[in-house]
Amino acid sequence: MKRHIRYSREDASLLLLDQRRLPAEEKWFVCRRVRDVEQALWEMVVRGAPALGVVAGYGCCLAAATTDETDPQWREQLEEKMSRIAGARPTAVNPEYVVERMRRAWATDLEIELDDLRWMWDRLAAEIHSEDIAANKAMGRNGLELLWDGCSVLTHCNAGALATGGYGTALGVVRAAKSAGWNVRVVAGETRPFLQGARLTAYELWQDDIDVRVACDNAAAVLMQRGEVDAVLVGADRIAANGDTANKIGTYNLALLASWHKLPFYVAAPSSTFDLDTASGEDIPIETRPEHEVTQMAGTRITPRGVPVYNYAFDVTPAGLISAFITEKGLIRPPSRETIRSVLE
Ligand code: MRU
């Protein structure tokens, strides 16, 4: 996969491959100001928790680049822009994690000149981007212990290169398997309503010549019953201290189905997606999105006018349904407050 997040310091711009248009067309969305970044995050030009984190880092760089150092209030203005970036998609913890890192770097020298802060942040944002890719690759290698040549995994949403700095979490494990010379078959659940599975997972795996087949979300049970699935492998948006995991709406359904069919259910996520300050899934904020995403398909209304709909973007899978977490620091199994702390700390 080519790099889909491109920041240029010289040009003070951030180019994002517009995921709303994939796979039909490859168009770039240009961010020059923080409000462009907010729009890109909320409208899902870019999505996927680790990718949101990487973009949040570059968003802070754009915030600094577009702040006027002659204004005596520049620090307050910058802080306000950073809070907007951190909160643009509330369930994913990665933007908060990255903005907090940028803040901590700034806190080492609160009297720093704005131009020096810009240099420091540009370097840090690029470092966070590279770290994310490196963590994905390590996670991919660690995940190989759970798969085998010829196995078939069911995935949900898109937890691939497009959802991260590059490479992928759940799909990173599949990429690592391919690099090891294995043939792993991927069933991509279509993922209503935004269709991240049908559009994005299929697009990036097809491009990389990885065996992928799209299934309607509601085909998952029958595919498991017919032995078409050996394991479920998904990503995460936020993992609470006890292992309860928020991910794309429909993930919880798959965990329940996997449990009934006695199939393993794996979550691949970098340590930056673990939020040890959040005790359990009940405390994870769940994003609700505009109704039109459910009431319309490709711009055409599919529900009667005036009928209300649910559009929760995420659900929470209880830790008890998760067989293992795959992280860059190692496998965590079985998930519990203690096993999570011992691997991550
Ligand atoms: O609404 P999205 O597309 O941002 O949701 C993305 C997911 O749920 C992913 O599974 C998750 O962020 C992990 S991506 C590596």
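User: How do the residues of the shell around the ligand divide into nonpolar, polar and charged?

Analyst: This is a predicted model, and in it the shell splits into eight nonpolar, seven polar and four charged residues. Glycine goes with the polar group in that count.

User: Which residues come nearest to the ligand?

Analyst: Of the 19 residues around the ligand, the nearest are R47, R89, Q196, N247 and K248.

User: What makes the pair between N247 and the ligand a polar contact?

Analyst: The cut-off is 3.5 Å between N or O atoms. A polar side-chain atom of N247 sits 2.6 Å from a ligand oxygen, so the pair falls within the cut-off. R89 passes too: an N or O atom in its side chain is 2.8 Å from an oxygen atom of the ligand. With A49 the backbone does the job, as one of its N or O atoms lies 2.8 Å from a ligand oxygen.

User: How much of the ligand does the protein bury?

Analyst: The protein buries 100% of the 410 Å² that the ligand exposes when taken alone.

User: Why is the space taken by the ligand called a cavity?

Analyst: A cavity is a set of points where a 1.4 Å probe fits but cannot get out, whereas a pocket is open. The ligand's space is classed as a cavity, and it is the largest one. Two elements give two or more residues to the shell there: α2 (49-65) and β9 (245-248).

User: Which domains does the shell draw on?

Analyst: Domain 1 (5-136) and domain 2 (140-344) each supply at least three residues.

User: How do you know that the bond between R192 and P193 is cis?

Analyst: Look at omega: it is about 0° for that bond. P193 belongs to the loop between β5 (185-189) and α7 (196-207). There's also a cis bond from R333 to P334, with omega near -10°, and P334 is in the loop between β16 (330-332) and α11 (337-344).

User: What makes T191 worth a look?

Analyst: Most residues other than glycine have a negative phi. T191 isn't a glycine, yet its phi is positive, about 70°. You'll find T191 in the loop between β5 and α7.

Notes:
Residues numbered from 1 in each chain as written. Predicted model: local features only at pLDDT ≥ 70, side-chain atom pairs only at ≥ 80, totals over all residues. Heavy atoms only, no water. Near = heavy atom within 4 Å. Polar contact = N/O pair within 3.5 Å; in protein donor to acceptor, adjacent residues only side chain to side chain. Areas by Shrake-Rupley, 256 points an atom, 1.4 Å probe, with all protein chains shown as cover. 1 Å grid on protein atoms, 1.4 Å probe; cavity = no way out; pocket = protein on both sides within 12 Å on 5 of 7 lines; lining within 4 Å. Sits in = over half its atoms within 2 Å of the grid points. Helix = DSSP H or I, 4+ residues; strand = E, 2+ residues; numbered from the N terminus. Domains from an automatic or database assignment.
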